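The following exercises are to be worked through with the sequence and the structure in view. Each task is followed by a solution that proceeds step by step.

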Amino acid sequence: MATAASVVHASAPVASVKVPVWAWLLLAFAVFTIYFLAQENGALLSAPAAEMLHELTHDARHALGVPCH
């Protein structure tokens, strides 16, 4: 009688998954966007022309529950 420790299972070969370049670029853009929304504290968007964009990212931080004060 074979015990569980003595049974050898043949493993199937692992197939590699090829991810398209556009998917990596989309992932990088998404990570940058989330980082930007969570970390922008006025250093990049402090110019008067970017005031509205700063306020949108500020409100987005509050909506996501990220502390920013």
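**Exercise 1. Compare the span of helix α2 with the expected span, and locate its buried residues.**

Solution. The model is a predicted one. Helix α2 covers residues 51-64, which gives 14 residues. The expected span is 1.5 Å times one less than the number of residues. From the first C-alpha to the last, α2 reaches 20 Å, close to the 20 Å expected. The next step concerns burial: His54, Thr57, His58 and Arg61 are the buried residues in α2. These residues lie on the same side of α2, because the arc that they cover around the axis is only 105°. The face turned away from this buried side carries Met52 and Ala63, which are exposed.

**Exercise 2. Describe what follows α2, and state which residues Val66 touches.**

Solution. Glycine 65 follows α2 and has a positive phi, near 85°. Valine 66 belongs to the segment after α2. Buried means under 20% relative accessible area, and exposed means over 50%. Valine 66 has a relative accessible area of 25%, so this residue is partly exposed. When residues up to four places away in sequence are not counted, Val66 touches Ala38 and Arg61. Arg61 is one of the buried residues in α2. Ala38 lies 28 residues from Val66 in sequence, yet their C-alpha atoms are 6.4 Å apart in space.

**Exercise 3. Identify the residues of the nonpolar surface patch, and classify valine 19 as buried, partly exposed or exposed.**

Solution. The patch is made by Val17, Val19, Trp24, Leu27 and Val31, and its area is about 520 Å². Valine 19 is situated in the segment before α1, the helix of residues 21-39. The relative accessibility of valine 19 is 39%, and therefore this residue counts as partly exposed.

**Exercise 4. Summarise the secondary structure, burial and exposed surface of the protein.**

Solution. The secondary structure consists of two helices and zero strands. Of the 69 residues in the protein, 14% are buried. The protein exposes about 6100 Å², and carbon and sulfur atoms supply 72% of this area.

Methods
Residues are numbered from 1 along each chain as its sequence is written. This is a predicted model: local features need pLDDT of at least 70, side-chain atom pairs count only at pLDDT 80 or more; totals for chains, interfaces and linings use all residues. Side-chain values use heavy atoms; hydrogens and water are left out. Helices (H or I, at least four residues) and strands (E, at least two) are DSSP runs, numbered from the N terminus. Buried means under 20% relative accessible area, exposed over 50%, partly exposed in between (1.4 Å probe, protein chains only). Accessible areas come from the Shrake-Rupley method with a 1.4 Å probe; for residues, only the protein chains shown count as cover. Patches are made of residues with over 30% relative accessible area and no salt bridge: like charges are joined within 9 Å, nonpolar side chains (Val, Leu, Ile, Met, Phe, Trp, Tyr) within 5 Å. A salt bridge is a side-chain nitrogen of Lys or Arg within 4 Å of a carboxyl oxygen of Asp or Glu. The arc is that of the directions from the helix axis to the C-beta atoms. Contact means heavy atoms within 4.5 Å.
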